[in-house]
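Colleague: I would like a close look at one part of this model: the packing. Please give me residues, angles and distances.

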Amino acid sequence: MARRRQKLALAYHNASDYSAAAPHFARSLELHEQAFGPSHEETGRMLTELGAAQQREGNHAEALRNLERALAIQSKALGADSPAATQSLYHLALSYEKSGNLEQAALQFENMLRLRERQWVQ
């Protein structure tokens, strides 16, 4: 159910029906937390998708909150060098940039580039 609700939320979001997508994202997050736990990598993945959607909508405060949480979960569950953590970091940097916090955006983009370099070397 968690993944189905997530796909429904993404479908509404991709159709630019943000008001319809929001409650489905919220419910999907609840279901992910119930099914997998609040610190599971699947919950982290859901938080990344939710944060990325919020960032595209311009809801930067919520996006930053969810993306920071996703990054913490993924770094702990999968490792800071994981592709999932890098993706969360990318969306986090974009959200900082679009919210006007260019100093924090630059810092996060630099962190992301260091992670990508490590991933390529491995």
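Modeller: A term first: buried means under 20% relative accessible area, exposed means over 50%, and partly exposed is the range in between. The model is predicted.

Take the aromatic rings. A search of the whole structure turns up one aromatic pair. Y90 and F109 form that pair, and their geometry is edge-to-face. The ring centres are 6.3 Å apart, with 65 degrees between the planes. Edge-to-face requires planes over 60 degrees apart. Y90 belongs to helix 5 (residues 83–98) and F109 to helix 6 (residues 102–121). The two residues are 19 apart in sequence, and their pair links distant parts of the chain. How buried or exposed is F109? Its relative accessibility is 22%, so F109 counts as partly exposed. Y90 is partly exposed too, at 33%.

Now the helix pairs, starting at the N terminus. Helix 1 (2–14) and helix 2 (residues 18–36) are joined by a loop that holds S16. S16 is not a glycine, yet its phi is positive, about 65 degrees. Most residues other than glycine have a negative phi. S16 is partly exposed, with a relative accessible area of 49%.

The axes of helix 1 and helix 2 come within 8 Å and cross at roughly 160 degrees. Angles over 145 degrees count as roughly antiparallel, so helix 1 is roughly antiparallel to helix 2. The crossing is left-handed. On the helix 1 side, the residues in contact include L8, A9, L10, Y12 and H13. On the helix 2 side they include A20, A21, H24, F25 and L31. By class, this contact has 11 nonpolar, five polar and three charged residues.

Helix 2 then meets helix 3 (residues 41–57). Their axes come within 9 Å and cross at roughly 165 degrees. The angle is therefore in the roughly antiparallel range. This crossing is left-handed. From helix 2, the contact takes in Y18, F25, S28, L29, H32, E33 and F36. From helix 3, it takes in E42, T43, M46, L47, E49, L50, A53 and E57. The classes here are eight nonpolar, three polar and four charged residues.

Three residues deserve a closer view. F25 lies in helix 2. Its relative accessibility is 2%, so F25 counts as buried. F25 meets helix 1, and F25 also meets helix 3. Leaving out residues up to four places away in sequence, F25 touches A9, L10 and H13, together with M46, E49, L50 and A53. For scale, F25 and R116 are 91 residues apart in sequence and 29 Å apart in space, C-alpha to C-alpha.

T43 sits in helix 3. T43 is buried, with a relative accessible area of 0%. Beyond its sequence neighbours up to four places away, T43 touches L29, H32, E33 and F36. T43 also touches G37, P38, R69 and I73.

R45 is in helix 3 as well. R45 is partly exposed, at 30% relative accessible area. Again setting aside residues up to four places away, R45 touches R3, Q6 and Q74. What separates R45 from Q87? They are 42 residues apart in sequence and 9.5 Å apart in space, C-alpha to C-alpha.

That leaves helix 4 (residues 60–78) against helix 5. Their axes are 9 Å apart, at an angle of about 160 degrees. That makes helix 4 roughly antiparallel to helix 5. Helix 4 passes helix 5 in a left-handed crossing. Helix 4 contributes H60, A63, L64, L67, E68, A70, L71, Q74, S75 and L78. Helix 5 answers with A84, A85, S88, L89, H91, L92, S95, Y96 and K98. The contact divides into 11 nonpolar, six polar and two charged residues. Q74 in this contact is one of the residues that R45 touches.

Note on methods
Residues are numbered from 1 along each chain as its sequence is written. This is a predicted model: local features need pLDDT of at least 70, side-chain atom pairs count only at pLDDT 80 or more; totals for chains, interfaces and linings use all residues. Side-chain values use heavy atoms; hydrogens and water are left out. Axes are lines fitted to C-alpha atoms, for helices over the stretch in contact, and angles run from 0 to 180 degrees between N-to-C directions. Helices (H or I, at least four residues) and strands (E, at least two) are DSSP runs, numbered from the N terminus. Angles under 35 degrees count as roughly parallel, over 145 as roughly antiparallel, 65 to 115 as roughly perpendicular and the rest as oblique. A crossing is left-handed if the near helix is turned anticlockwise from the far one by less than a right angle, and right-handed if clockwise. Contact means heavy atoms within 4.5 Å. Ala, Val, Leu, Ile, Met, Phe, Trp, Tyr, Cys and Pro count as nonpolar, Asp, Glu, Lys and Arg as charged, and the others, Gly among them, as polar. Buried means under 20% relative accessible area, exposed over 50%, partly exposed in between (1.4 Å probe, protein chains only). Rings of Phe, Tyr and Trp (its six-membered ring) pair if their centres lie within 6.5 Å; planes under 30 degrees apart count as stacked, over 60 as edge-to-face and the rest as tilted.
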